[in-house]
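Here are my notes on the model you sent, set out as numbered points. Please read them with the sequence and the coordinates open.

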Amino acid sequence: MGRVTIADVAKRAGVSLASTSRALNGQVASAATVEKVRQAATELGYIPDTAARSLRTRRTGQLAFAVADIGNPVYVEMMREIESVVAAEDYRLVVSRTGDADATVDLVRDLNRGYVDGLILSPLRVTDALVAALEESTVPAVVIGRLPDGAGVDTVMADSEGGVALAVEHLLTGGARRIAFLNGPADTTPGRFRHAGFLRATAGNADLVTAEYSADDFTIDAGYAAASAMFDSTEAPWDAVIAVNDLVGIGVMHAAAEHGISVPEDLAVIGIDNTALTEVSHPGLTSVDLGSARRGRKAAQLLLARMDDPELPTRAVRVPPSLQVRGSTTAQLTSVSALASGEGRTT
């Protein structure tokens, strides 16, 4: 027997071809007709021709999520939330890697060829060409990140500056006065805004000694290499290091251990993103939570709303940060604070 067709299903169900099509595609049909058609389809082993359906409806039933690093736990958290939202609306989520700035533009343009019905993009770097490609896209798109003011694209943003300010406040409250910031590539969105947050939060404090260093990527290995160089070149010890993300922060802790620097007794370390890795590192990594899961969920909701009504005004949503304190800061800060107040000294 050849491939079962919709005509075979209609014949088995005893209803018209048009009624069968409506029932299979979730369009208006009586409950009795839907039941007959579904039973007939099951008995015959009918498999819908999704390619043909896509040509008729101009819908693929697929949405894309494009990110710089599909293994980064931040994007994994986003992906889970996005998938849960879109799956409830019968969409399949396709995940893609963006690559460099030019490749990201090419990806957006390629997705306009009918591969997907919508796109959620989290780019590391935003260029004029990317903004233009998004604004010209025939496929609805939402960006998790920052775009220039006036860009006609829905966005969901983290408050990176506010998050770094929470980290600095936590360290200052504990008595830290020598604080280093270990950034990632400065030409990226997280690198630029998290660095700006550090400068703003530490400005005007005459009691502080600060410095900024850079890793060449947002990975554990890059954090380890940059922190090792930082420890080798610094004569006076730092009280604390704020890392641009959790992966770099874990790299800092590994480098500290190899240099005989105890975390948190000698050095406090704070990461950013509050990923699952913060719970399994030793000690647990204090981290700024920028709401990765919430940003993913909100982006999916904005995309579905945009697909439903393309005439909606452009929306920009900002997710507030919080600080999750763990073992990588508490002991060191308690020690610094106690010494500053004279407690714990012997005479």
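1. At roughly what angle do the axes of helix α8 and α9 cross, and within what distance do they come? The model is a predicted one, and in it the axes of α8 (residues 160-173) and α9 cross at roughly 45 degrees, coming within 8 Å. The two helices are therefore oblique to each other, and their crossing is right-handed.

2. As to the residues that make this contact, α8 contributes Ser160, Glu161, Val164, Ala165 and Val168, which meet Phe193, Arg194, Gly197, Phe198, Arg200, Ala201 and Thr202 of α9. Sorted by class, the contact of α8 with α9 has 6 nonpolar, 3 polar and 3 charged residues.

3. The sheet deserves a point of its own. Its 6 strands form an open sheet with mixed pairing, in the order β7-β6-β8-β9-β10-β12. The edges are taken by β7 (209-214) and β12 (322-324), each of which has a single partner strand, so one side of each is left without a neighbour in the sheet. From one strand to the next, the twist averages 20 degrees.

4. At the β7 edge, the pairing can be followed to single residues. Strand β6 (residues 178-183) pairs with β7 in the parallel sense, over 6 bridges, and Asn183 has Ser214 in β7 as its bridge partner. Helix α9 (residues 189-202) packs on the sheet, where α9 touches β6, β7, β8 (240-243) and β9 (268-272), and the direction of α9 makes about 165 degrees with that of β6.

5. A second helix pair should be checked as well. Helix α5 (residues 73-87) packs with helix α13 (residues 292-308) at an angle of about 40 degrees, their axes being 7 Å apart, and the crossing of α5 past α13 is right-handed. On the α5 side the contact is made by Val74, Glu77, Met78, Glu81, Ile82, Ser84, Val85 and Val86, which meet Ser292, Ala293, Arg295, Gly296, Arg297, Ala300, Gln301 and Leu304 in α13. By class, the contact of α5 with α13 has 8 nonpolar, 4 polar and 4 charged residues.

6. Finally, the domain assignment gives domain 1 as 6-48, domain 2 as 62-158 + 293-320, and domain 3 as 160-289. Taken over C-alpha atoms, the centres of domain 1 and domain 2 are separated by 36 Å.

Technical notes. Residues are numbered from 1 along each chain as its sequence is written. This is a predicted model: local features need pLDDT of at least 70, side-chain atom pairs count only at pLDDT 80 or more; totals for chains, interfaces and linings use all residues. Side-chain values use heavy atoms; hydrogens and water are left out. Two strands pair if DSSP finds at least two bridges between them. Helices (H or I, at least four residues) and strands (E, at least two) are DSSP runs, numbered from the N terminus. Axes are lines fitted to C-alpha atoms, for helices over the stretch in contact, and angles run from 0 to 180 degrees between N-to-C directions. Contact means heavy atoms within 4.5 Å. Domain bounds come from an automatic or database domain assignment. Angles under 35 degrees count as roughly parallel, over 145 as roughly antiparallel, 65 to 115 as roughly perpendicular and the rest as oblique. A crossing is left-handed if the near helix is turned anticlockwise from the far one by less than a right angle, and right-handed if clockwise. Ala, Val, Leu, Ile, Met, Phe, Trp, Tyr, Cys and Pro count as nonpolar, Asp, Glu, Lys and Arg as charged, and the others, Gly among them, as polar.
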